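Biologist: I am new to this structure and would like a close look at a single part of it, the place where aromatic rings come together. Please set that part in the context of the whole chain, and take your time over the reasoning.

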Amino acid sequence: MSLPNLNITLIFTSYGPPGALNYGVFVISLAVYFTTVFANVTLMLVICLDTALHKPMYIFLFNLAINGLIGSSAVLPKIMENLVDDIKDILYTDCILQVFFITVYATCAYAILTLMAYDRYVSICKPLQYHTIMTPSKIRILLFIVYCVPICSLAVQVYLTLRLPLCRYTVNKLFCDNLAIVNLSCAKNTWEDLYGIFLVLAFVVLPLICVILSYVQILFVSLKASVNARKKALKTCTPHLITFINFSLASLFSVIYNRLNFSLSKEVNVFMSVHFILIPPLLHPLIYGMKTKEISNSLTKIIQRKIHALGFNLKTEQRCNEALSISAK
């Protein structure tokens, strides 16, 4: 089967005409996007600049921040463009690319969160073996698998979607997703459906089971430990638990929106469709920044050093100017 014409233009029908409401949503979306970029880039810089944070947990967190930027940048700029444009359209090739990056964002986020749960499991349940298990080479291999396997698997899904002939050209959503493109097709592809189920089992259900098993083991070990050990375990696991639950709920809302038809208001439908793109990339760096003492301390030290260096430079410049003025006299 030949590929459809890649120059086809698709029309979004969920946007209203440009007006006060759209401009207001545009301003909010722009603020959310800039805040998301600033928060994630700041977190990445803190982890890079502080060698004390060059540990497995923070390396995984660094990659989670990169992943959040990929998800936000794949959707929000196009949404903001459509909010103010008269014609809400997108090229079919751009739509397919958006589908690919959104699914990469979702699957890699789950995979990274699973690695972080595994890291917590080894740290709490096998503390004496931690450094022999979580070696730099093993971390590199795990991160390679986290990116390579989803990207290759999703590339196959995109290829299967590209083979479907289109007979409709309107997308009743704010952005492109795989199910929306499949629903535009004139023909049903059994292999596409089966492969989609396989991807859900491999990249959603399996990571969820792994995280649950990790925390069951952590719970058993913590119950046998001292009160101080339980508090320490709770403190180190809380940011990850909040992050994982937040992303899981956001993904669940998105699945409900995509798969089921409820008689909900347009505003609720819009929120459910963009929740997992807007909220997790914004909250994840904020949660870890506030809940993780090492990161907040590192950020404070970096800011203090910058302020001290700036003050020192200003004083040096002032002394040079004074010296020059005295010599001129």
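Modeller: What follows starts with the chain as a whole, moves to the aromatic rings and ends with the charged pairs. Please keep in mind throughout that this is a predicted model.

The chain holds ten helices and three strands, and along the sequence these elements follow the pattern β-α-α-β-α-α-α-β-α-α-α-α-α. Of its 329 residues, 43% count as buried. The chain exposes about 18,100 Å², and carbon and sulfur atoms supply 70% of that area. Among the contacts between residues at least 6 apart in sequence, 80% join residues that are at least 24 apart, and the ring pairs described next give two examples of links across the sequence.

A search of the whole structure finds eight aromatic pairs. In one of these pairs, the ring centres of tyrosine 110 and phenylalanine 244 lie 5.7 Å apart with the planes at 80 degrees, and because an angle over 60 degrees counts as edge-to-face, the pair is placed in that class. This pair links distant parts of the chain, since tyrosine 110 belongs to helix α3 (residues 92-125) while phenylalanine 244 belongs to helix α8 (residues 227-259), and the two residues are 134 residues apart. Both partners are also covered: tyrosine 110 has a relative accessibility of 6% and therefore counts as buried, the limit being under 20%, and phenylalanine 244, at 7%, counts as buried as well.

Tyrosine 110 has a further partner in phenylalanine 247, with ring centres 5.3 Å apart and planes at 75 degrees, so this pair, too, is edge-to-face. Because tyrosine 110 lies in helix α3 and phenylalanine 247 in helix α8, the pair ties together parts that are 137 residues apart in sequence. Phenylalanine 247 has a relative accessibility of 1%, and so it counts as buried. Taking the ring pairs together, Tyr105, Tyr110, Phe244 and Phe247 are linked into a cluster.

The charged side chains offer another view of the chain, and a search of the whole structure finds three salt bridges. In one of them, lysine 78 pairs with glutamate 81, their closest N and O atoms being 3.3 Å apart. Both residues lie in helix α2 (residues 56-84), where they are three residues apart, about one turn of the helix. The two partners fall into separate exposure classes, because lysine 78, at 17% relative accessibility, counts as buried, whereas glutamate 81, at 37%, counts as partly exposed.

Another salt bridge joins aspartate 119 to arginine 120, with the closest N and O atoms 2.6 Å apart. Here aspartate 119 has a relative accessibility of 0% and so counts as buried, and arginine 120 counts as buried at 10%. The remaining bridge is formed by lysine 173 and aspartate 177, whose closest N and O atoms are 2.9 Å apart. Lysine 173 counts as buried at 12% relative accessibility, and aspartate 177 is likewise buried, with a relative accessible area of 10%.

To return to the part you asked about, tyrosine 110 in helix α3 is paired edge-to-face with phenylalanine 244 and with phenylalanine 247, both of which lie in helix α8.

Notes:
Residues numbered from 1 in each chain as written. Heavy atoms only, no water. Phe/Tyr/Trp six-rings, centres within 6.5 Å; stacked < 30°, edge-to-face > 60°. Helix = DSSP H or I, 4+ residues; strand = E, 2+ residues; numbered from the N terminus. Buried < 20%, exposed > 50% of the residue type's maximum accessible area, 1.4 Å probe, protein only. Contact = heavy atoms within 4.5 Å. Areas by Shrake-Rupley, 256 points an atom, 1.4 Å probe, with all protein chains shown as cover. Salt bridge = Lys/Arg side-chain N within 4 Å of Asp/Glu carboxyl O.
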